[in-house]
Amino acid sequence: MAAMKARRHLQCLLKGRGRAVWGARCLSALPQGSFASSSSSSSSSSSRQLISLENEYSAHNYHPIPVVFSQAKGSTVWDPEGKKYLDFLSAYSAVNQGHCHPKIIKALQDQTEKLTLSSRAFYNDKFPVFAERLRSIFGYDMVLPMNTGAEGVETALKLTRKWGYEKKKIPKDEAIIVSCCGCFHGRTLAVISMSCDNEATRGFGPLLPGHLKVDFGDAIALENLFKEKGDKIAGFLFEPIQGEAGVIIPPDGYLKAVRDLCSKYNILMISDEVQSGLGRSGRMLACDWEDVRPDVVVLGKALGGGVIPVSAVLADKDVMLCIQPGEHGSTFGGNPLASAVAIASLDVIKDEQLVERSAQMGEDLMKQLIELQRRFPGYIKEVRGRGLFSAVELNGAALSPVSAYDICLKLKERGVLAKPTHSTIIRLTPPLSLSGDELEEGVKALQDVFELDLPMLLQTRPQTSAPHAPHLCDRCGRKVYGA
Ligand SMILES: Cc1ncc(COP(=O)(O)O)c(C=O)c1O
């Protein structure tokens, strides 16, 4: 019965796609307590209706800002009612090239008419071209294609273990991978086994063995660990800028120090550039900030141009050829559609000089954010960023219980979409194609929130809300993420 009801919803949704008004039968089929039973206004109902439908039928594994995307172009998004927003999240940096970029969409359309999937049981005529393109841009001998970022990281971990046993001669099943406190590499089991985010790990144990943690940005701690356990350490996995932790930038010289230590102790340096790469930080790879060449690079997100998931692990032959036929793969990895889209996505980054643009616009953004902090020192603890990879860290203690989420809700009302990371950090990562005017518009909205909305929020803050509790890592008991 419930399944029949759900099917009717879906049919109504599909039939009504693009229409402002839903048929009465569809509305009457909505779950009790949903918006449909309390309103008949059509064009303003659609967002609420869709949110209600999703809440009813989708797992609650996200806590979204309540806005429904129904169309987007460049940095602009429209909801079903036609309200316009500026996107300052870019699907967590997957839309670096801007939404629905015409060249990427054309590549997608052209390819869908020819061939979409071969599987790697056979060759196809697009993946080799994509692989060669990656080689010519990034200078690694080989690529292993996957789909999502988490899969890319998993692949890098497997590759690193394999290399550890075959080349470094680590005793069987004793290989260790070191990662950083506060890291984020996705949501799969191996990857959450490295996480300090209790929400990501609690209730999902047992976590995978073979991991050790070290403080991000601390080269001395890293060397101590390498000295102590280096014989069994196969790789050091890290984000050159920690995105989900709140756009944390390591101290100058850290990337070089990591490179030197990994070389000294024969440990693979694995840079997860899923979020920081492809121009986001104002360099093609964030490791380029210190002209450092990791042994393994993981790309994802913007490699698919915001169109389809494409990820890739890059390495030289002595590492990549440790994986033999049958030992790893994915039905969709390297598919011709993804390959065509990824080639176009890389072309757009180059042709539109998005890396340089990110660097330049990032400087403009930082100047404006510093000015904002100067105006609101009580509210803003720190502003930071590289390129258009930036964040505003709130003074959590002064604002509690008003959170970064509350501020993002107000920003949304003012037409700008951003998402908090943890309770006190607002990440600002607009498409790299954003215009100077759009940048100013976004910062102006943030300024208005601080100037006009925040005093009201603080006055009406619910006395029952708990103050921001510091996030203590289950593993080491230390405070991670700003609070
Ligand atoms: C650094 C990093 N690695 C990996 C991932 C996981 O990517 P995906 O969500 O595509 O699995 C993310 C996602 O935000 C990320 O920021």
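**Reading sheets, helix contacts and local backbone features**

Modeller: Two bridges link strand 3 and strand 13, and the pairing is parallel. The model is predicted; local features need pLDDT of at least 70 and side-chain atom pairs count only at pLDDT 80 or more, while totals for chains, interfaces and linings use all residues. Residue numbers start from 1 along each chain as its sequence is written.

Biologist: What counts as a strand, and what counts as a pair?

Modeller: Strands (E, at least two residues) and helices (H or I, at least four residues) are DSSP runs, numbered from the N terminus. Two strands pair if DSSP finds at least two bridges between them. In the pair just mentioned, Asp 87 is opposite Leu 417 of strand 13.

Biologist: What is the strand order in the open sheet with mixed pairing?

Modeller: The order is 1-2-3-13, four strands in an open sheet. Strand 1 (71-73) and strand 13 (416-417) are the edges, each pairing on one side only. Strand 1 runs antiparallel to strand 2 (residues 76-78), with three bridges between them. One position to look at is Lys 73, whose bridge partner in strand 2 is Thr 76. Strand 2 is also antiparallel to strand 3 (residues 84-87), again over three bridges, and Val 77 faces Tyr 85 in strand 3.

Biologist: How many residues lie between strand 2 and strand 3 in their hairpin?

Modeller: Five residues lie between them, and Gly 82 in the turn has a positive phi of about 90°. A positive phi also appears outside glycine: Tyr 92 has phi near 50°. Tyr 92 belongs to helix 4 (residues 90-93).

Biologist: Which strands make up the open sheet with antiparallel pairing?

Modeller: Four strands do, in the order 11-12-15-14. The edges are strand 11 (380-386) and strand 14 (419-421), each paired on one side only. From one strand to the next the twist averages 30°. For such values, axes are lines fitted to C-alpha atoms (for helices, over the stretch in contact), and angles run from 0 to 180 degrees between N-to-C directions. Six bridges hold strand 11 against strand 12 (residues 389-394) in the antiparallel sense, with Gly 385 opposite Ser 390 in strand 12. Helix 14 (residues 354-375) packs on this sheet and touches strand 11, strand 12 and strand 15 (425-428); the direction of helix 14 makes about 175° with that of strand 11.

Biologist: How is the packing of two helices described?

Modeller: Two packed helices are described by the angle between their axes and the distance between the axes. Helix 6 (residues 127-138) and helix 13 (residues 336-351) pack at about 30°, with axes 8 Å apart. Their crossing is left-handed, a term used if the near helix is turned anticlockwise from the far one by less than a right angle; clockwise would be right-handed. Helix 6 contributes Phe 127, Val 129, Phe 130, Arg 133 and Ile 137 to the contact, and helix 13 contributes Pro 336, Ser 339, Ala 342, Ile 343 and Leu 346. Two residues are in contact if their C-beta atoms, placed from the backbone, lie within 7 Å. By class, this contact has eight nonpolar residues, one polar and one charged. Here Ala, Val, Leu, Ile, Met, Phe, Trp, Tyr, Cys and Pro count as nonpolar, Asp, Glu, Lys and Arg as charged, and the others, Gly among them, as polar.

Biologist: At what angle do helix 10 and helix 11 pack?

Modeller: Helix 10 (residues 219-229) and helix 11 (residues 254-264) pack at about 10°, with their axes 10 Å apart. Helix 10 and helix 11 are therefore roughly parallel. Angles under 35 degrees count as roughly parallel, over 145 as roughly antiparallel, 65 to 115 as roughly perpendicular and the rest as oblique. Ala 219, Leu 222, Glu 223 and Phe 226 of helix 10 meet Tyr 254, Ala 257, Val 258 and Leu 261 of helix 11. This contact has seven nonpolar residues, no polar ones and one charged.

Biologist: Which residues around the ligand come nearest?

Modeller: Of the 15 residues around the ligand, the nearest are Gly 149, Ala 150, Gly 186, Val 274 and Gln 275. A residue is near a molecule or strand if its C-beta atom, placed from the backbone, lies within 6 Å of it. Helix 7 (residues 149-166) gives the largest share of this shell, three residues. The shell divides into five nonpolar, seven polar and three charged residues.

Biologist: Where is Pro 206?

Modeller: Pro 206 sits in the loop between helix 9 (198-201) and strand 6 (211-214). The peptide bond from Gly 205 to Pro 206 is cis, with omega about 0°. Another cis peptide bond joins Ser 400 and Pro 401, with omega about 5°; Pro 401 is in the loop between helix 15 (396-399) and helix 16 (404-413).
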